Amino acid sequence: MTDQLQTARVATEPRTASPLGPVALTTLLFGAFLPMLSFFIINVALPAIGSDLQATSGELQLVVGSYGIANATLLVVGGRLGDGFGRKRLFLLGLFGFTVMSLICAIAPTIGVLLAARVVQGAAAAAMTPQVLASISSLLTGEHRARAMAMFGVAGGAAAALGQILGGVLVEANVFDLGWRAVFLVNVPVGLVALAAALKLLPETRAEKAQRVDLVGAGLLALALVLLLLPLTEGRPLGWPTWTWISLAATIPAVGLLGVHQHRSERAGSAPLIPPSVLRLRPMRIGLLLAVGFFTTFGGFMFVFALATQGEAGMSPLEGGLSLLPMAVGFLITSIYGPRLQQRYGAGLILRGWIVQSVGYAVLAVVALTLWPDVTPWSLAVPMLIAGFGSGLVMVPLMGVVVGQVPPAQAGLGSGILLTSQQTCLALGAATVGTAYLSLAGTSWGQGGALAAVSLAITAISLLMTPVTHQLRTR
């Protein structure tokens with residue numbers, strides 16, 4: 001994240017530093033695995049949280065979105081703090097905060113406490129995740145670095161694919177009568193073990209000359225996201241009061257202020273949060289458009305799928321999670337073989353992914369329209385497998401292909417912007433796609449028709465992304 005890949009090249013440790021051992025690298029990769037797992041594992045537990053804490057549908061969307069907003073706005077800040085104060089130090093601080101906040105989420109007595117803890121949990125994840133890429137780039141070279149970067153992608157992909165399945169298992173098992181609280185509590189022992197291992201095994205690195213932290217830019221980005229996402233999540237259940245429209249309208253000047261501040265910071269020689277010079281690069285603009293198309297629809301779908309399967313379809317949390325198993329299988333296959341396929345096909349792999357994904361979601365729409373509500377994990381298996389395979393073909397190579405087509409001096413900034421857009425769009429998807437689904441589900445469409453509509457919308461967006469992908473260099 002941030003300019004970690006760029007600034008890592010001037011880290012105080014020499015390039016001949018010994019590679020990370022397997023245990024140390026695995027420990028470091030938890031910084032990519034746990035935050036992504038925490039984003040997706042919560043979806044299958046949302047109905048149980050709503051019932052236990054008397055939360056509205058809008059508040060349930062915020063359980064997902066608040067975490068994503070905090071994470072997205074502070075990722076660049078976390079990367080630059082790691083460059084200046086030490087990446088191991090920030091990794092440990094972020095992992096400790098993430099673990100503590102997981103415990104607080106697990107024992108939250110009210111929805112307000114849960115939402116507050118989710119915000120801090122997202123901020124802690126933003127301190128932890130950037131140090132993973134920066135440490136890999138600083139400590140490893142050649143084949144070791146390439147393999148570790150591929151494992152970073154696999155860790156994030158595995159967490160996204162397995163999160164809701166694990167959540168379903170934990171909620172259904174109801175160990176010690178914990179119910180939904182287990183999806184947060186599971187992070188605590190894992191976090192404590194990772195903390196102990198990181199303290200002992202991870203070496204410290206930092207940039208020779210760290211960049212200033214653009215706190216004003218981070219604040220303006222957070223303001224814009226809150227102004228946009230809060231009315232989108234709360235507007236529908238509240239009947240769209242006047243303040244929601246005022247908030248949505250205020251998003252435009254907030255984004256404008258952010259843009260002005262970023263231009264002024266760069267002209268003054270500072271380090272803006274989102275450098276306009278990087279956004280002017282054609283591959284970055286294309287990559288951001290692809291990231292918005294994929295992560296907004298993916299995050300939104302995972303949110304509504306959990307609500308639909310445990311709603312009119314009458315599935316248990318375990319059955320809802322198992323319905324995603326074929327998607328996880330397809331996703332994991334592409335996570336493992338994606339780096340090798342990327343070397344052969346380049347951006348052409350992403351193009352194939354959009355097409356395959358569109359087929360999967362189109363078949364899912366047909367199943368929802370014809371079999372609902374009598375769907376089972378078996379009847380959903382084929383479309384979910386196809387959609388998962390296609391999603392993996394898009395997500396796994398996306399960052400590597402895009403960043404690989406920008407000048408090396410701006411690769412770190414480019415990866416930071418893409419990771420920020422990833423987290424932003426996952427939260428945006430839960431708000432926008434979730435609101436559209438809930439609005440349709442409350443009409444004659446029902447939850448099955450609403451799920452089919454969402455699936456067909458994702459099919460259309462996937463097909464629209466194919467000509468955009470063509471503009472990247474393919475081979």
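## Exercises: cavities and ring pairs

The largest cavity has Leu20, Leu28, Arg87, Lys88, Phe91, Gln131, Ser135, Leu139, Leu202 and Pro203 in its lining. The model is predicted.

**Exercise 1.** Describe the lining of the largest cavity by element and by residue class.

*Solution.* Start with the elements. Helix 5 (87-106) and helix 6 (111-139) are the elements that give two or more residues to this lining. Next, sort by class. The lining holds 6 nonpolar, 2 polar and 2 charged residues. Then add the volume. The largest cavity encloses about 40 Å³ of space. Last, set the context. The whole structure has 3 cavities of 30 Å³ or more.

**Exercise 2.** Classify the ring pair of Phe39 and Phe40, and say whether these residues are buried or exposed.

*Solution.* Begin with the count: there are 12 aromatic pairs. Take the distance and angle next. The ring centres of Phe39 and Phe40 are 5.1 Å apart and the planes stand at 70°, so this pair is edge-to-face. The cut-off for that class is over 60 degrees. Now check accessibility. Phe39 and Phe40 are both buried. Finally, look for further partners. Phe39 and Phe40 belong to a cluster linked by ring pairs, with Tyr67, Phe294, Phe295, Phe298, Phe331 and Trp354.

**Exercise 3.** Classify the ring pair of Phe301 and Phe305, and place both residues in their helix.

*Solution.* Start with the geometry. The centres of Phe301 and Phe305 lie 5.4 Å apart, with 35° between the planes. This pair is tilted. Now locate the residues. Phe301 and Phe305 sit in helix 13 (residues 282-309), 4 residues apart, about one turn of the helix. Both are buried.

Technical notes:
Residues numbered from 1 in each chain as written. Predicted model: local features only at pLDDT ≥ 70, side-chain atom pairs only at ≥ 80, totals over all residues. Heavy atoms only, no water. 1 Å grid on protein atoms, 1.4 Å probe; cavity = no way out; pocket = protein on both sides within 12 Å on 5 of 7 lines; lining within 4 Å. Points joined across faces, edges and corners; volume = space filled by probe spheres on them. Nonpolar A, V, L, I, M, F, W, Y, C, P; charged D, E, K, R; others polar. Phe/Tyr/Trp six-rings, centres within 6.5 Å; stacked < 30°, edge-to-face > 60°. Buried < 20%, exposed > 50% of the residue type's maximum accessible area, 1.4 Å probe, protein only.
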